[in-house]
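Welcome! Here are some exercises to work through with the model open beside you. Try each task before reading its solution.

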Amino acid sequence: PVVLHIPSPLPNGSDQYAVDNQVNGTFLWSYGVTRRLELDFALPVTFGQSGAGSSPITGSSEKLHDTALRDLRFGLAYQLLAREPSDRVRTFGITARFDISAPVGDRDQFASDRSAVYSPTLAFDYRRGRWFAGLELGARIREDEQMLGTTLGTQGLAALGVGYDVLARADLLAVQAEARTL
């Protein structure tokens, strides 16, 4: 949630949820230019959300809309150390990624940045039999933005995931868990 602490007649003020609950999804298109180079296009969408929006600080009666278009993302990935599916010797791989988000989302719905965001990362993957794991480290580089005395700017990012191929053929069905932090 995005919580705004607003002065009020109460001694300690009040907390207002600008964004309370949110359900997001991303439509992703990828094109493999070569065996090691991939181009990506992502269209993130908010399917449902609740909250007061910026109305507690602007005095407007306008609340958040149920849906919103988020910033478009374009990117590429290049395998620095490729692991072939049939490779029994090399069990790990390394991929460099670079994404750019274009600030075209619904700004009044907290769904867009003020400027483009650049995100270089390195992704490491490991596979042993049907088990696989991945780690991604990088940054989200953007202009500093002020809101109610808080600065949002460049962030480090880390993601970790583990999974298991349910079916013997690795690309048919897998179960996985992921964690991300900024």
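**Exercise 1.** Leaving aside neighbours within four places in sequence, which residues is Thr91 in contact with? Bear in mind that the model is a predicted one.

*Solution.* Begin by finding the residue: Thr91 sits in the loop between S6 and S7. Next, search around Thr91 for heavy atoms within 4.5 Å. Once neighbours within four places in sequence are set aside, the contacts are Arg83, Asp125, Tyr126 and Arg127. Last, look at the cover: Thr91 has a relative accessible area of 18%. Buried means under 20%, so Thr91 counts as buried.

**Exercise 2.** Describe the surroundings of Ala52, beginning with its place in the chain.

*Solution.* Step one is the location: Ala52 belongs to the loop between S4 and helix H1 (55-58). Step two is accessibility: with a relative accessible area of 10%, Ala52 is buried. Step three is the list of contacts. Not counting residues up to four places away in sequence, Ala52 touches Tyr17, Ala18, Glu62, Lys63 and Leu64. Step four is a distance: from Ala52 to Leu4 there are 48 residues in sequence, while their C-alpha atoms are 9.8 Å apart in space.

**Exercise 3.** How many aromatic pairs does the structure hold? Work out the geometry of the one formed by Phe41 and Phe74.

*Solution.* The structure holds five aromatic pairs. For Phe41 and Phe74, the ring centres are 5.4 Å apart and the planes meet at 45°. Planes under 30 degrees apart count as stacked and over 60 as edge-to-face, with the rest called tilted; the pair of Phe41 and Phe74 is therefore tilted. Now place the two rings: Phe41 is in strand S4 (residues 37-49) and Phe74 in strand S6 (residues 72-81), so their pair ties together parts 33 residues apart in sequence. Both can be checked for accessibility. Phe41 is partly exposed at 29%, and Phe74 is partly exposed at 41%. To finish, follow the ring pairs onward: they link Trp29, Phe41 and Phe74 into a cluster.

**Exercise 4.** Is the aromatic pair of Phe98 and Tyr118 stacked or tilted?

*Solution.* The centres of the Phe98 and Tyr118 rings lie 6.5 Å apart, with 15° between the planes, and the pair is stacked. Phe98 belongs to strand S7 (residues 92-102) and Tyr118 to strand S8 (residues 117-128), so this pair ties together parts that are 20 residues apart in sequence. Phe98 is partly exposed, with a relative accessible area of 33%. Tyr118 is also partly exposed, at 38%.

**Exercise 5.** Step back and describe the whole protein: how many helices and strands does the protein have?

*Solution.* Count the elements: there are one helix and 13 strands. Read from the N terminus, their order is β-β-β-β-α-β-β-β-β-β-β-β-β-β. Then consider the overall form. The radius of gyration is 20 Å, well over the 16 Å that the globule rule gives for 182 residues, so the protein is more spread out than a compact globule. Along its principal axes, the C-alpha trace spans about 70 × 30 × 25 Å. As for burial, 29% of the 182 residues count as buried. Finally, take the contacts between residues at least 6 apart in sequence: 47% of them join residues at least 24 apart.

Terms used. Residues are numbered from 1 along each chain as its sequence is written. This is a predicted model: local features need pLDDT of at least 70, side-chain atom pairs count only at pLDDT 80 or more; totals for chains, interfaces and linings use all residues. Side-chain values use heavy atoms; hydrogens and water are left out. Rings of Phe, Tyr and Trp (its six-membered ring) pair if their centres lie within 6.5 Å; planes under 30 degrees apart count as stacked, over 60 as edge-to-face and the rest as tilted. Helices (H or I, at least four residues) and strands (E, at least two) are DSSP runs, numbered from the N terminus. Buried means under 20% relative accessible area, exposed over 50%, partly exposed in between (1.4 Å probe, protein chains only). The radius of gyration is taken over C-alpha atoms; the globule rule is 2.2 Å times the number of residues to the power 0.38.
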